[in-house]
Amino acid sequence: MKKIVILGAGTGGTIMANKLRKVLSRSEWDITVVDKDKTHYYQPGFLFIPFGIYNRNDVIKPKSDFLPPGVNVLYTGIDRIEPNDQQVLLEGGQVLPYDFLVVATGTNINPDETPGLKDQLWHKEIFDFYTVDGAVALREFFRDWEGGRLVVNIAELPFKCPVAPLEFSFLADAYFSELGIRDKVDISFVTPLPGAFTKPKASQMLGELLEEKNIRVIPDFYLESVDNEKKVIRSYDEQEVPFDVLTIVPVNTGDPMVERSGMGDDLNFIPTDKYTLQSKHHENIFVLGDASDIPTSKAGSVVHFASEVVYENLVSAIENRPLKAQFDGHSNCYIETGHGKGSIIDFNYDTEPLPGTFPLPGVGPFGLLQNTKMNHYGKVLFRWIYWHILLKGKEMPIESQMTMAGKKS
Amino acid sequence: MSQKTLAGKTVEVTDEGYLQDHNQWNEDIAKALAEEEGIELGEDHFKILHYLREKYEEGANLTIRKVGKSGFTDIKGFYKLFPGGPLKKASKIAGIPKPTSCV
């Protein structure tokens with residue numbers, strides 16, 4: 001019996017298990033999925049929790065609901081990969097040999113990387129919204145808050161879901177407007193980037209939206225430390241920004257298991273061929289999603305598009321054929337902008353986000369780089385699509401390769 | 001894209017003043033580029049410039065954090081040597097392309 005091991009049962013690992021079990025013969029291929037957590041989190045929903053739009057129960061379901069029959073699932077921690085011996089060591093000592101390995105262990109926030117961040121104010125006046133606990137703690141804080149300085153900060157690049165802190169700022173503007181205290185809330189968006197976003201056209205559109213909503217952008221700010229006494233964030237070149245409440249995207253790093261395996265870069269992401277998605281150092285290892293170091297967004301849409309490529313190339317590798325599928329870095333992000341509206345951006349390694357319509361040229365129904373109600377409905381509907389179609393690895397009406405049709409350059 | 005004379009040598013540069021070909025670089029060109037940024041290069045600067053060039057040639061993603069872990073300086077020291085945008089300025093002076101921040 002030959003063996004495929006999938007590490008991580010998040011968005012990527014779950015899709016791969018579903019795709020592979022459908023095509024690989026059960027008498028020839030044994031598929032094992034390992035994840036320490038039994039709960040699947042709908043991470044795009046975390047953003048809505050602080051504003052009371054979703055609660056904890058809206059974003060969690062058991063992982064077992066989405067993994068197919070005929071796959072071994074082990075809910076245990078991973079100690080390390082031993083790539084030269086083609087095996088994975090689990091916590092507790094179990095050894096899993098493999099013929100092929102898919103690493104989909106993602107990225108996580110690592111507040112310990114920044115001095116003073118996880119200190120006395122953590123989850124009291126300093127919050128993340130990348131964990132359910134952080135998002136729920138912030139919800140409780142906002143319920144009684146009467147206003148002051150709200151600082152939204154990004155500690156380091158890259159980070160998961162690059163538009164999330166922008167959406168958070170837009171939603172905060174809308175939330176405090178609806179409460180009637182927007183004039184008492186001062187919102188600053190403090191970023192290491194030179195502007196609102198990296199890509200020029202999107203940066204301009206999003207920068208204008210921030211300005212329109214009276215959100216101050218403080219660019220080129222590279223976070224060194226958080227001062228809990230003075231309540232300021234401090235950069236390496238000694239700028240200080242004072243806050244009453246700090247909402248932060250902490251430094252993102254790959255899973256600590258990657259470091260124990262000696263397979264990561266300085267942020268614990270795995271060096272990966274950006275086209276074939278094969279590990280640069282080990283032929284029989286593929287890296288899917290946020291765990292890799294490929295130069296595109298760390299986001300669910302990217303994982304979904306990349307899963308097509310990993311699937312095709314893994315099947316080719318099994319059959320000893322050349323790896324023909326090439327990932328183009330395709331990313332597609334809804335951007336909630338508040339007051340029931342939203343925007344969408346669609347881009348890849350070579351093409352920056354452009355205005356136009358999506359997915360049907362000239363028809364839409366979604367407007368790229370436009371701020372519309374229809375785009376917001378897309379995001380609302382997406383949660384249903386995620387649970388029922390995407391995770392199961394079923395066909396979606398969107399091509400995994402980006403298309404220029406419908407875009408205006 | 002345009003041509004520019006630096007330290008007596010004609011080189012191709014981008015609109016933002018980054019060298020088109022990092023092989024046209026030498027230490028005198030670095031000094032001329034640094035002068036435009038108001039920086040006088042010393043030994044500590046050159047250690048970082050050579051480190052950046054070496055990593056660039058290896059195809060690594062360059063980040064401020066990576067330079068901070070290089071052993072030649074820490075992040076604070078990097079800001080002191082190249083004030084303002086240390087990675088952008090140091091890359092320009094090292095003759096390598098403008099760093100792309102990927103999110």
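In strand β7 of chain A, Gln87(A) is the bridge partner of Glu82(A). The model described here is predicted. Another pair in the same two strands is Ile78(A), which stands opposite Leu90(A) of β7(A). Altogether, 4 bridges link β6(A) to strand β7 (residues 87–90) of chain A, and the pairing is antiparallel. The two strands form a hairpin with 4 residues between them. One residue of that turn, Gln86(A), lies in the loop between β6 and β7 of chain A. Gln86(A) has a positive phi of about 50 degrees although it is not a glycine.

The hairpin belongs to an open sheet of 3 strands in chain A, ordered β6-β7-β8 and paired in the antiparallel sense. The edges of this sheet are β6 (78–82) and β8 (95–97) of chain A; each has a single partner strand, so one side of each is left without a neighbour in the sheet. Direction ignored, neighbouring strands of the sheet are turned by 20 degrees against each other on average. Strands of a sheet pair through backbone hydrogen bonds, in either a parallel or an antiparallel arrangement.

Chain B offers a second hairpin. Strand β1 (residues 2–6) of chain B pairs with strand β2 (residues 9–13) of chain B over 5 bridges, in the antiparallel sense. Leu6(B) has Lys9(B) as its bridge partner in β2(B). Between β1(B) and β2(B) there are 2 residues, and Ala7(B) in this turn has a positive phi of about 50 degrees.

On the scale of domains, chain A is divided into domain 1 (2–106 + 255–318), domain 2 (109–251) and domain 3 (331–390). Taken over C-alpha atoms, the centres of domain 1 and domain 2 of chain A are separated by 30 Å. Contact between these two domains involves 16 residues of domain 1 of chain A and 23 residues of domain 2 of chain A.

Next come three helices of chain A, taken in sequence order. Helix α2 (residues 132–144) of chain A and helix α3 (residues 164–178) of chain A have axes that come within 12 Å and cross at roughly 30 degrees. That angle makes α2(A) roughly parallel to α3(A), because angles under 35 degrees count as roughly parallel. The crossing of α2(A) past α3(A) is right-handed. On the α2(A) side the contact is made by Leu138(A), Arg139(A) and Phe142(A), and on the α3(A) side by Phe168(A), Tyr175(A) and Phe176(A). Sorted by class, the contact of α2(A) with α3(A) has 5 nonpolar residues, no polar residues and 1 charged residue.

Helix α3(A) also packs with helix α4 (residues 200–212) of chain A, at an angle of about 25 degrees and with the axes 10 Å apart. By the angle between them, α3(A) is therefore roughly parallel to α4(A). The crossing of α3(A) and α4(A) is left-handed. Here α3(A) contributes Leu166(A), Ser169(A) and Phe170(A), while α4(A) contributes Leu206(A), Leu209(A) and Leu210(A). The residues in the contact of α3(A) with α4(A) divide into 5 nonpolar, 1 polar and no charged.

The loop between β12 (148–154) and α3 of chain A contains Pro158(A). Leu157(A) and Pro158(A) are joined by a cis peptide bond with omega of about -10 degrees. Another cis peptide bond joins Gly364(A) and Pro365(A), where omega is about 15 degrees. Pro365(A) is placed in strand β24 (residues 364–368) of chain A.

The last residue to consider is Thr63(B), in the loop between α2 (43–58) and α3 (64–68) of chain B. Leaving aside its neighbours within four places in sequence, Thr63(B) is in contact with Asp266(A) and with Leu87(B). Its C-alpha atom is separated by 18 Å from that of Phe46(B), which is 17 residues apart from Thr63(B) along the chain.

Conventions: Residues numbered from 1 in each chain as written. Chains lettered and ligands numbered in written order. Predicted model: local features only at pLDDT ≥ 70, side-chain atom pairs only at ≥ 80, totals over all residues. Heavy atoms only, no water. Axes fitted to C-alpha atoms, helices over the stretch in contact; angles between N-to-C directions. Parallel < 35°, antiparallel > 145°, perpendicular 65-115°, else oblique. Left-handed = near helix turned anticlockwise from the far one by under 90°. Contact = heavy atoms within 4.5 Å. Nonpolar A, V, L, I, M, F, W, Y, C, P; charged D, E, K, R; others polar. Pairing = 2+ DSSP bridges. Domains from an automatic or database assignment.
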